[in-house]
Amino acid sequence: MANHLVLGILNGDDIGHEIVPAAVAVTKAAAGRTGLEIDWRPMPIGRSALDSEGSTFPEGTIEALMKMDGFILGPIGHQAYPKVAGAINPHPILRKRFNLFANVRPTRSYPGLGAIYDDIDLVIVRENNEGFQPDRNVVAGSGEFRPTEEMTISVRVITRLGSSRVARAAFEIAQQRKKRLTLVHKNTVFKLGCGMFVEECHRVAKEFPDVTVDEVIVDTMAMRLIRDPQSFDVIVTTNMFGDILTDEAAGLVGGLGMAPGLCIGEGAIAMAQATHGSAPDIAGKGIANPFAMIESARMMVEWLGHNRKLPQAVQAATIMEKAITAALADPATRTRDIRGTGGTSHMTNGILRHISG
Ligand code: ATP
């Protein structure tokens, strides 16, 4: 299917209705510049789908997604869903159903945003489908249960397969970058769980002899991300550690609005999903930072370009990158959370102007 992508649009909740259209507009404009054809398919999901179709994740959505190359998923505000049967959190289902086992989360500084550092460029690859997250580490029931009123047990799942495939995804990224990969874990305490993760990472390392591997214990990593984040390039870790470290890393470069993400698996489909939540506190005000969502879409287009061998997609991603960087350099086309004077539309329009350039 040369020169053609089918991409879903799932707005999600709250600020998703503002930042997902921004990401689509920017991707469309860049694709238009390179001749990349994209067949966009808006799909219902989230609170608005509950109101219109009786479910936050209607049956038809997942079937339709199965025929696509990728999709943009806006943030989901499931904590605010009413307690009714059709109100479910689609995240774990999507990640599991499409086997999106690697969550690739870059942290990059752009100068002038008033961030703690101006020189960070690292990627955290977080295992996405097992670990401590009780809503996704079992196929039925929950990985957390309460045998008595006085006791709760949370189960952490680590498998050889889950560990080796996220490790391989991280090694592949490391190979494209500085050929350095840091394994983050706590096998000093979780001797079996983290122990298995580390064993599998080292097993996969043999396939990538040109990548240098080191290890950092997770609590030390939390400290070193603050002290010397520049000494890291690609980091791979288990689900919960990755969840926490990626938010910490976002804090170093301007906050959650600067934290994009791409969920990938065995290559059938990619999901662009920003790290942040649906930010109900700022929804509808036109002030949400669209960077994370736009950059997540850019990562998806670039990844699909390489994966589907579509040079026009890779080119479109390069155009987006340049336009995003140029818009971020001007306070008038940045949002206020990153020392700008504009809102979501100023930033989006600024990027669009640089694309049409
Ligand atoms: P979740 O648990 O779903 O990840 P959360 O509880 O971590 O969500 P968020 O919705 O991510 O919370 O919001 C945390 C804070 O970051 C809020 O104050 C919110 O306004 C801010 N924030 C999140 N995303 C953005 C954004 N794109 N632009 C500006 N501020 C944001």
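## A starting point: Arg41 and Asp39

Let's begin at Arg41, which counts as partly exposed at 33% relative accessibility. The model you are looking at is a predicted one. Arg41 has a partner in Asp39: the two residues form a salt bridge, and their closest N and O atoms are 2.7 Å apart. Asp39 is partly exposed too, because its relative accessible area of 26% falls between the 20% limit for buried residues and the 50% limit for exposed ones.

## Salt bridges within helices

How many salt bridges does the count come to? The total is 17. Two further examples sit inside helices, and both are easy to find.

One is in helix 6, which covers residues 193-205 and holds both Glu200 and Arg203. These residues are three apart, or about one turn of the helix, and the closest N and O atoms of their salt bridge are separated by 3.0 Å. Are the two partners buried or exposed? Glu200 has a relative accessible area of 5%, so it is buried. Arg203 reaches 44%, so it is partly exposed.

Helix 9, made of residues 291-307, holds Glu295 and Arg298, again three residues apart and about one turn of the helix. Their salt bridge brings the closest N and O atoms to 2.9 Å. Glu295 is buried, and Arg298 is buried as well. Shared partners also link salt bridges into a network, which joins Arg160, Glu199, Glu200 and Arg203.

## The ligand and its surroundings

Which residues surround the ligand? Following the chain, you meet Ile15, then Leu256 and Gly257, then the run His276, Gly277, Ser278 and Ala279, followed by Asp281, Ile282, Ala288, Asn289 and Asp337. Sorted by class, this shell has five nonpolar, five polar and two charged residues.

Some of these neighbours come with distances you can check in the view. A polar atom in the side chain of His276 is 3.3 Å from a nitrogen atom of the ligand. The backbone takes part too: a polar backbone atom of Ser278 lies 3.4 Å from a ligand oxygen atom, and a backbone N or O atom of Ala279 is 2.8 Å from an oxygen atom of the ligand. On its own the ligand would expose 620 Å², and the protein buries 62% of that area.

## A buried aspartate in a loop

Asp233 is worth a visit. Its place is in the loop that runs between helix 7 (218-227) and strand 10 (234-237). Is this residue buried or exposed? With a relative accessible area of 1%, Asp233 is buried, because that value is under 20%.

What does its side chain touch? The side chain of Asp233 makes a polar contact of 2.7 Å with the side chain of Arg177. The Asp233 side chain also reaches the backbone nitrogen of Lys178, at 3.1 Å.

## Two residues with positive phi

Most residues other than glycine have a negative phi. Lys179 has a positive phi of about 60 degrees, although it is not a glycine. You will find Lys179 in the loop between helix 5 and strand 8 (180-185), where it counts as partly exposed at 33% relative accessibility.

Lys309 is another residue with a positive value, its phi being near 55 degrees. The place of Lys309 is in the loop between helix 9 and helix 10 (311-328). At 68% relative accessibility Lys309 counts as exposed, because that is over 50%.

## A nonpolar patch and a meeting of distant residues

On the surface, look for Phe145, Met151, Ile153 and Val155, which make a nonpolar patch of about 310 Å². Phe145 belongs to strand 6, residues 144-148. Its relative accessible area is 41%, so Phe145 is partly exposed.

Finally, turn to helix 5, residues 160-176, where Ser164 has its place. Ser164 is buried, with a relative accessible area of 10%. Ser164 and Val204 are 40 residues apart along the chain, yet 6.4 Å separates their C-alpha atoms.

How values were computed:
Residues numbered from 1 in each chain as written. Predicted model: local features only at pLDDT ≥ 70, side-chain atom pairs only at ≥ 80, totals over all residues. Heavy atoms only, no water. Near = heavy atom within 4 Å. Polar contact = N/O pair within 3.5 Å; in protein donor to acceptor, adjacent residues only side chain to side chain. Areas by Shrake-Rupley, 256 points an atom, 1.4 Å probe, with all protein chains shown as cover. Nonpolar A, V, L, I, M, F, W, Y, C, P; charged D, E, K, R; others polar. Patch = residues over 30% accessible without salt bridge, like charges linked within 9 Å, V, L, I, M, F, W, Y side chains within 5 Å. Salt bridge = Lys/Arg side-chain N within 4 Å of Asp/Glu carboxyl O. Helix = DSSP H or I, 4+ residues; strand = E, 2+ residues; numbered from the N terminus. Buried < 20%, exposed > 50% of the residue type's maximum accessible area, 1.4 Å probe, protein only.
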